[in-house]
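Student: I'm new to this structure, so please pick one part and take a close look at it with me. Then show me how the surroundings fit around it, in plain words.

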Amino acid sequence: MGQQKSARAGLSRRDAIGMLGGAAIAAASTATAAEADFPPGAVIRTLSKDYAPAELAGGATLFHEHMSLRDGFMVDWLRHAAETRAATQAPGTPPRPAGPNGGGGAGAAPAPNFLIDEDLMADEMAIARREGIGCIVDAGHPDMGRDVSFLRRISQRSGLPIVASAGFYTQPFYPPDIATWSEDRIVDAIMGQVRANPTGALGEIGSWDYISKDERKVFRAVGKVHRLTNLPIFTHTGIPGKSALEQLDILEDAGVAPRRVVIGHLGNLVDPNTEIQRAIIRRGAFVGIDRQGGAQDAQVVPMVASLIAQGYADHLMFSSDLSSPREIKRNNPQTGGYAKTLTVFVPKLKAAGASEADLHRIMYDNPRRFLAFVPKIKRT
Ligand SMILES: [Zn+2]
């Protein structure tokens with residue numbers, strides 16, 4: 001399979017090089033070809049067990065979703081987002097929909113919190129599994145009120161493997177005294193999370209708006225934790241896509257290889273020329289298109305179709321960052337639910353000209369390449 005994949009990737013890379021004529025993309029693509037085979041001993045660490053990457057090849061993997069957030073988290077999120085927009089937007093900017101998700105955020109009712117309802121979430125996971133999802137990453141950690149035992153129970157009841165993450169989210173959600181914490185204290189705190197539960201990723205690690213001093217400190221600490229654990233890293237960029245390049249700079253400076261990183265929420269950064277997205281791809285990282293499946297798709301699909309046409313499928317990662325009660329099957333049977341990346345977004349890209357092979361690679365291979373790691377810390 002690795003051979004075949006390399007050959008396919010080679011074709012698209014040649015096309016990309018021909019189109020763009022850049023030496024930088026050739027260098028980045030070489031790194032991708034070497035990554036096509038999983039390193040010996042690599043696993044995908046879920047809450048139930050460590051999987052060999054090939055064991056999860058039969059389903060699509062979603063690298064950034066939310067299945068557990070504390071009561072009130074989304075209320076706080078929406079308030080902070082509104083305050084940030086009011087404080088930073090240029091005069092005369094038209095109002096934009098609130099909410100973390102282009103799909104369902106506008107005016108999303110934050111209560112009741114479906115992310116603490118075990119029966120409901122076990123059902124939603126079972127539906128996603130039936131609709132083709134083979135593995136799903138929860139992007140929360142303690143500062144977001146993520147409950148690992150809740151995740152473990154809904155995974156057991158639905159049979160859908162769930163990867164739990166570790167880290168700190170963004171400035172508004174940090175411990176209030178984080179400014180007084182040393183970088184090493186943050187490293188120790190994250191290592192405590194990694195040791196407390198089977199952890200398969202560091203994420204979502206974010207900058208809320210322009211990256212703050214404390215956020216830079218957390219990113220440096222996350223880079224150190226990566227070197228201690230070998231865990232992959234996925235990020236949250238502010239509104240819209242701010243600080244994306246700086247996030248990658250800090251992680252690279254901390255010794256993280258870009259191919260181990262997804263810079264997230266770059267579908268929100270609507271730019272027909274995809275300047276920032278391509279800059280990140282040229283450096284070898286993944287670009288997260290991870291808030292789709294809704295109204296914003298009209299803008300996102302042409303952008304992503306163009307990146308695929310340019311030969312960048314190996315560097316794209318899709319997910320939906322689901323957090324709105326309007327997006328779940330129980331409340332809205334017409335919606336795609338947790339599988340909407342696969343059942344709603346991917347068909348739109350196919351209609352826009354993306355090939356079956358490229359879309360399969362993005363949904364089935366890229367997230368497994370990203371998540372597979374050779375552990376330095378034993379499962380707990
Ligand atoms: Zn998220």
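Tutor: Let's start with the zinc ion: its site is irregular, with angles of 82 to 165 degrees among its 4 donor atoms. Donors here are N, O and S atoms within 2.8 Å of the metal (3.2 Å for Na, K and Ca), and water is not among the atoms, so sites may look incomplete. As for the label, four donors count as tetrahedral if all angles lie between 85 and 135 degrees; four count as square planar and six as octahedral if opposite donors are over 155 degrees apart and all others between 65 and 115; anything else is irregular. Before we go on, keep in mind that this is a predicted model, where local features need pLDDT of at least 70 and side-chain atom pairs count only at pLDDT 80 or more, while totals for chains, interfaces and linings use all residues. Residues are numbered from 1 along each chain as its sequence is written, and side-chain values use heavy atoms, with hydrogens and water left out.

So who holds the metal? The zinc ion is coordinated by H64 and H66 through NE2, by E204 through OE and by D321 through OD, at 2.1 to 2.2 Å. Along the sequence, these donor residues follow the spacing H-x1-H-x137-E-x116-D. E204 and D321 link distant parts of the chain, 117 residues apart: E204 is in strand β7 (residues 201-206), and D321 is in the loop between β11 (316-318) and α11 (340-351). Helices (H or I, at least four residues) and strands (E, at least two) are DSSP runs, numbered from the N terminus. Both E204 and D321 are buried; that word means under 20% relative accessible area, with exposed being over 50% and partly exposed in between (1.4 Å probe, protein chains only). E204 has another feature you can look for: the peptide bond leading into it from G203 is cis, with omega near -15 degrees.

Now look at strand β3, which spans residues 60-65. 6 of the 6 residues of β3 are buried, so the strand is largely enclosed by the rest of the structure. β3 belongs to an open sheet of 3 strands in the order β3-β4-β5, with parallel pairing. β3 and β5 (162-163) are the edge strands, each pairing on one side only. Two strands pair if DSSP finds at least two bridges between them, and β3 and β4 (residues 133-138) have 4 bridges in the parallel sense. You can trace the match residue by residue: A60 stands opposite I133 in β4, and T61 stands opposite C135.

Next, the loops. Two residues there have a positive phi although they are not glycines: S243, at about 70 degrees, and H265, at about 65 degrees. S243 is in the loop between β8 (233-236) and α8 (244-253), and it is buried, with a relative accessible area of 16%. H265 is in the loop between β9 (261-263) and α9, and at 0% relative accessibility it counts as buried. Helix α9 itself covers residues 275-282, and its buried residues are Q277, R278, A279, I280 and I281. Just after α9, G284 takes a positive phi of about 100 degrees.

Last come the rings. A search of the whole structure finds 11 aromatic pairs. Rings of Phe, Tyr and Trp (its six-membered ring) pair if their centres lie within 6.5 Å; planes under 30 degrees apart count as stacked, over 60 as edge-to-face and the rest as tilted. Take F73 and Y169: their ring centres are 6.0 Å apart and their planes at 45 degrees, so the pair is tilted. F73 lies in helix α3 (residues 73-88) and Y169 in the loop between β6 (165-166) and α6 (183-196), so the pair ties together parts that are 96 residues apart in sequence. F73 and Y169 are both buried. F286 and F370 form an edge-to-face pair, with 6.0 Å centre to centre and 75 degrees between the planes. Because F286 lies in strand β10 (residues 286-289) and F370 in helix α12 (residues 356-371), this pair ties together parts 84 residues apart in sequence. One aromatic cluster is formed by F73, W77, Y169, F173 and W208.
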